[in-house]
Amino acid sequence: MSERIVSAITGPVTKWVVLGFWLVMLVLMGPLTGKLGDVESHDNSDWLPANAESTRAIDELAKVQDPDDLTTTIVYHRDGGLTKSDYTAITLQIPEIASLDGVVTQESKPDQPVMPAIAYPTGEKKGQKHGLVSADGEVATVSLVVNYADEDPTALLDLRDDLVEMTKIDGVDVYIGGAGGSTADQMEAGAGIGGALLYAAAGVVIVILLITYRSPVLWFLPLVSVLVALVVSMGVVYLCAKYAGLTLNQMNRAILDVLVFGAGTDYALLLIARYREELGRHEDRHKAMAAALRGSAPAIIASAGTVTVGMLGLMVATMGSTASLGPVCAIGIVAGLVVMLTLLPALLVITGRWVFWPVKPAYGTSGEKTGGIWARLGGWIRKRPRAVWIGTAAVLLACCGGLSMLNITTLDSSETYTKDFPSLIGDRVLEEHDLGDPSNPIQVVSAPGTEKEVVGALTKAGYEGVTPVTDGTHEVALTAVPLSTDPMSKASFDTVEDVRSVVHSVDGADALATGTAAIQLDMAAATDRDTKVVMPLVLGLVLIILMILLRSVLSPVLLMATVVLSFGAALGLSAIIFDAMGFAGQGREFPLFVFVFLVALGIDYNIFLMHRVREEVVEHGDTRRASLVALSATGGVITSAGIVLAATFAVLTTLPHVSFIEIGLAIALGVLLDTLVVRSILVTAINLDLGDVIWWPSRLAHGRAKVRPPQPAVVRRPMPAQPHQLLEHQLRQPPPMRGPRPSRDLRGQPPQQRRPRDLGRYPDQY
């Protein structure tokens, strides 16, 4: 950071300006955080690639159907079979259901076909009229379409509750399923993201900060700064989603919360550790903070820049959920960086040394901790560095063996959550009674007037119950193909592929197939493509940044190799844990998300370590000695930072989503491996084994480091007892060293830094 910026942040007056600025930002951005739910998307079609068949079909379907329509299925079930009185009660409920606010019927939209409309077959128990009653008579369904595009999305939760209350029948189990029911359950499952997740993350951070600092006061400043960063980032994300087309979903929002908490606290730990050191060297806390910023800011900025570029690499993905995660996380990282390098320093210099109570760093003592466990660890590695890094790499490779247990797939509805929601139970009841969900058919969109040709081709191919939805008078022909399997299962994917092959062969129809199953199939294909493209791109971007930062080729390559090895080990161990937990598999986005976060965040700790190693090499000219000093000096703070980041991502495991649990657990495990094993043991051992060679091809690789000359000692004469002797005393002092002009706060400064004219201008300071 430039001297001007450092002075503006840490100055006796400007620190209050910095505090005032962030208070204003808090007032402006605070109200926007509560509106994030309004711009979240719960429609899978919003995440599809533009060239996917489902996307093109949805665009055509919009000509005859409102894209905001959500088909909902009410499932009635009685063991032993529904009675005649049950049928009567269900039939009487239909007009009442149709009158609910937000429910769409054929009457409310006469010019637009609504599929399926509210209906129920009266009369016989069996016969499966339109597939609405099971063959054994135990299950019946009522389908309706709801549309809350112009209202609060949470209105769908109210509708679900109203339907549950309205459809009660003694002895009959009722479940609200279909697209509307599953969306409502998804909202309920994600309700903890906004509140409980933040409280859990804050609680974890508070506990770790209390343990790290052993101060009942100091933890409050990083926590306040992190909360400000989170509020600002959420406000910016809201504005981008509202006015710049950024798409937001529950996973992106959850990751934003934990990322800002974790990364922001990491930056705070590094800055405060350096500030504590400088307080022992400077009596003036403003000067101590200026020195701390000059020493720690380059590494923090480099780290944040690496993570930001890595996150932005996700924007090349074709899946909207993946591509939008990049800018969302980048906004969070940048907000955390700016707040931690401006607001936190201002708060620290405002509060003074007492904030470290009960162990306040005293002037004249070194606040740097270079001994203890990390010095002993370095001494142990130094004895046989080659054996240590080879052995450590072998253990990590062995952990990679668990990769064979990974099952990357599309999780079906029953495998998505860790608890049974009503929509999941309803889907299971329908499947057990061989009754397809009428709200999730395969929808075939074709040229106007081609309904009969499409129906004929599908019927000839063996599909039953295929019905035309349009009558030839609409801009687009629409045909419904019943689906009796879970729309997110492989069986449904196979059905979609077969239906597409059949309808594509209909001459002149230009048919396209969409629907929930088709959308999930296209999303799976897009995610597989993104994994193959984004992973090497992020790897290359981070590698280039490391080469620029370290001015070396060999060292960045070695660092990236260690991070990739750590990623493989984390995935292998995670697969073993997931199998023990009984999870059916991992979502298709799992390897990509874990890779990007572990590479971007895992390289953070290597940057912190290697930046300190390079500082020590320039200071002393010996890479091996510098590596030991850097490990001893940074071991404690980097380990604390890693534990904070791992703990905040582990908070994701408290949510009832299997994908959240798997991603959070894998990232937390990977961060711990990076912090405790890769950075502290593997990288240090490689540095000690190779020595100066790691800096190839820079000057440092050939032992030609420009070692800083030792600063000449300044002879400090005792202060004269009488003020009139001040001028004569100063004339006897050695000339001041070149450097920045001292601040006007002259208390505690050596006499040679005071000027004779200051006696008249600042008499109270003498």
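Me: Which strands does helix α3 lie across, and at what angle does the helix run to β8?
Reply: In this predicted model, helix α3 (residues 53–61) lies across β5 (442–446), β7 and β8, and its angle to β8 is about 95 degrees. Helix α18 (residues 490–504) also packs on the sheet, where it touches β5, β7 and β8. The direction of α18 makes about 20 degrees with that of β5.

Me: Why are β6 and β8 called edge strands?
Reply: The open sheet has the order β6-β7-β5-β8, with antiparallel pairing. β6 (467–468) and β8 (512–514) each pair on one side only, so they are its edge strands.

Me: What makes β6 and β7 a pair?
Reply: Pairing takes at least two bridges between the strands. Two bridges join β6 to β7 (residues 477–481), so the two strands pair. Pro468 has Thr479 in β7 as its bridge partner.

Me: Why is the space lined by Ser555 and Leu558 called a cavity?
Reply: A 1.4 Å probe fits there but cannot get out, so the space counts as a cavity. About 50 Å³ lies in this second largest cavity. Its lining also includes Val683 and Asn687, and α20 (554–581) and α23 (658–690) each supply at least two lining residues.

Me: How many charged residues line the second largest cavity, and how many line the largest?
Reply: The lining of the second largest cavity has no charged residues, with five nonpolar and two polar. The largest has four charged, four polar and eight nonpolar. Arg counts as charged, so Arg274 and Arg612, among the residues closest to the centre of the largest cavity, belong to the charged class.

Note on methods. Residues numbered from 1 in each chain as written. Predicted model: local features only at pLDDT ≥ 70, side-chain atom pairs only at ≥ 80, totals over all residues. Heavy atoms only, no water. 1 Å grid on protein atoms, 1.4 Å probe; cavity = no way out; pocket = protein on both sides within 12 Å on 5 of 7 lines; lining within 4 Å. Points joined across faces, edges and corners; volume = space filled by probe spheres on them. Helix = DSSP H or I, 4+ residues; strand = E, 2+ residues; numbered from the N terminus. Contact = heavy atoms within 4.5 Å. Axes fitted to C-alpha atoms, helices over the stretch in contact; angles between N-to-C directions.
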